[in-house]
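Thanks for coming. I will go through one chain today, and you can follow along in the viewer.

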Amino acid sequence: MLVSGRRKLLSALLQAQKGPFQPSRDMRLVQFQAPHLAEPHLGLESENGGGVVDLNAFDPALPKTMMQFLEQGEATLSVARRAMNAQLPVLPRSQVTFLAPVTRPDKVVCVGMNYADHCKEQNVPVPKEPIIFSKFASSIVGPYDEVILPPESKEVDWEVELAVIIGKKGKHIQTTDAMAHVAGFTVAHDVSARDWQMRRNGKQWLLGKTFDTFCPLGPALVTRDSIADPHNLKICCRVNGEVVQSSNTNQMVFKTEELIAWVSQFVTLYPGDIILTGTPPGVGVFRKPPVFLKKGDEVQCEIEELGVIVNKVV
């Protein structure tokens with residue numbers, strides 16, 4: 001996954017933004033690298049598809065990872081708000097490399113069969129309780145990184161998903177309190193090896209879901225208060241420019257609050273933990289005949305207000 005290749009892809013997709021950062025209502029937190037920086041930094045995306053403000057340059061006392069930023073809670077968020085309201089220089093998008101907004105979380109929790117229209121596609125009943133599985137954190141890559149086809153699988157599939165990022169530790173969280181534990185939302189691509197998910201490994205889903213590079217995330221962590229209604233957002237996936245999934249998060253069977261309450265019965269949720277909330281219909285395995293990803297394909301996952309991630313299959 002060459003940095004130069006990602007930059008070229010970004011340049012082709014999006015016009016680089018220049019000039020001072022114009023404050024907006026949306027807080028779009030990112031992790032990024034740039035040639036002049038010795039290590040990754042935290043930043044603010046000036047707008048959906050815009051350039052990046054270096055938060056660590058604004059306040060060198062800020063942590064340089066999103067995990068530490070989230071762990072410090074309101075103290076670091078208040079610094080980011082001040083940066084939003086200052087006239088700060090913007091690094092053109094073409095000059096930065098976006099990382100996943102969260103890397104190395106304690107856990108990546110996933111939800112299966114969580115769109116009513118996806119259940120209809122499979123001709124199966126809507127679940128009475130959330131179906132929970134997981135991916136390993138090592139599967140996470142950035143929003144424009146490559147997805148590597150593993151030689152062990154011949155049936156790699158796409159799944160666009162809304163991802164919830166936890167901002168506050170909690171156990172046995174009540175539904176009414178759940179949103180207070182959410183830092184924000186981002187776009188996820190739940191890449192899935194269907195042969196391993198559906199036929200191998202005793203039909204346990206884990207191995208088919210967690211090959212390296214099977215969890216692209218980004219481009220930004222859009223904070224909870226920046227989204228009017230996370231359960232009324234258009235969500236779509238395109239493969240080589242063709243729309244293959246198109247739905248709305250209002251089709252989710254179990255909403256964010258219910259999922260957080262359910263999962264926190266079993267495990268403590270920590271800042272940076274990620275919950276992938278399920279995918280809409282249109283995945284390759286249920287097409288007639290089935291269609292799977294191949295070398296050279298390009299997958300775009302997009303969610304209204306959150307942005308678009310673009311991953312080349314290699």
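Before the aromatic residues, a definition: rings of Phe, Tyr and Trp, with the six-membered ring taken for Trp, count as a pair if their centres lie within 6.5 Å. Planes under 30 degrees apart make a pair stacked, over 60 edge-to-face, and the rest tilted. Keep in mind that this is a predicted model.

With that definition, a search of the whole structure gives four aromatic pairs. I will show two of them. Phe-211 and Phe-214 form a tilted pair, with 5.2 Å from centre to centre and 55° between the planes. Phe-211 and Phe-214 are both buried. Then there are Trp-262 and Phe-266, whose ring centres are 5.6 Å apart; their planes stand at 65°, so this pair is edge-to-face. Trp-262 is partly exposed, because its relative accessibility is 23%. Phe-266 has a relative accessible area of 55%, so it counts as exposed.

One more ring, this time with a charge. Arg-200 lies over the face of Trp-196, and the distance to the ring centre is 3.9 Å.

Now the annotation. UniProt, in an unreviewed entry, lists residues 107-314 as "domain: Fumarylacetoacetase-like C-terminal". In the model, that stretch is 12% helix and 33% strand. Its end C-alpha atoms are 26 Å apart.

Ahead of that range in the sequence, look at helix α4, residues 74-84. Which residues of α4 are buried? They are Thr-76, Val-79, Ala-80, Ala-83 and Met-84. These residues lie on the same side of α4, because they cover an arc of only 150° around the axis. And what covers them? The cover includes two strands, β1 (28-33) and β2 (41-45), and two helices, α2 (55-58) and α3 (66-71).

Next, the strands towards the C-terminal end of the annotated range. Strand β16, residues 298-303, pairs with strand β17, residues 307-312; the sense is antiparallel and there are six bridges. Within that pairing, Gln-300 is opposite Val-310, and Ile-303 is opposite Gly-307. The two strands form a hairpin with three residues between them, and in this hairpin Glu-305 has a positive phi near 75°.

β16 has another partner. Strand β13, residues 234-239, also runs antiparallel to β16, with five bridges between the two. Here Ile-235 has Ile-303 as its bridge partner. So that you can find the spot in the viewer: Ile-303 of β16 is paired with Ile-235 of β13 and with Gly-307 of β17.

A single residue now, Val-182, which belongs to strand β10, residues 182-189. Is Val-182 buried or exposed? Its relative accessible area is 2%, so Val-182 is buried. Leaving aside residues up to four places away in sequence, Val-182 touches Val-164, Ile-165, Gly-167, Arg-224, Thr-256 and Ile-260. Take Gly-167 from that list: 15 residues separate it from Val-182 in sequence, while the C-alpha atoms are 5.0 Å apart.

Last, the backbone. Most residues other than glycine have a negative phi, and most peptide bonds are trans. I have a few exceptions to point out.

The peptide bond between Gly-218 and Pro-219 is cis, with omega about -5°. Pro-219 is in strand β12, residues 215-223. A cis bond also joins Lys-288 and Pro-289, again with omega about -5°. Where is Pro-289? Pro-289 sits in the loop between β15 (274-276) and β16.

As for phi, Arg-104 is not a glycine, yet its phi is positive, about 55°. Arg-104 is in the loop between β4 (97-99) and β5 (108-112). With a relative accessible area of 76%, Arg-104 is exposed. His-172 has a positive phi as well, near 50°. The loop in question for His-172 runs between β9 (160-166) and β10. His-172 is exposed too, because its relative accessible area is 51%, and the cut-off for exposed is over 50%.

To recap the backbone part: cis bonds precede Pro-219 and Pro-289, and positive phi values occur at Arg-104, His-172 and Glu-305. That is what I have, and I will leave the viewer open for discussion.

Terms used:
Residues are numbered from 1 along each chain as its sequence is written. This is a predicted model: local features need pLDDT of at least 70, side-chain atom pairs count only at pLDDT 80 or more; totals for chains, interfaces and linings use all residues. Side-chain values use heavy atoms; hydrogens and water are left out. UniProt positions are given in the numbering used here, feature names are shortened, and annotations may be inferred rather than shown by experiment. Helices (H or I, at least four residues) and strands (E, at least two) are DSSP runs, numbered from the N terminus. Buried means under 20% relative accessible area, exposed over 50%, partly exposed in between (1.4 Å probe, protein chains only). The arc is that of the directions from the helix axis to the C-beta atoms. Contact means heavy atoms within 4.5 Å. Two strands pair if DSSP finds at least two bridges between them. A charge sits over a ring if NZ of Lys or CZ of Arg is within 6 Å of the ring centre and within 35 degrees of the ring normal.
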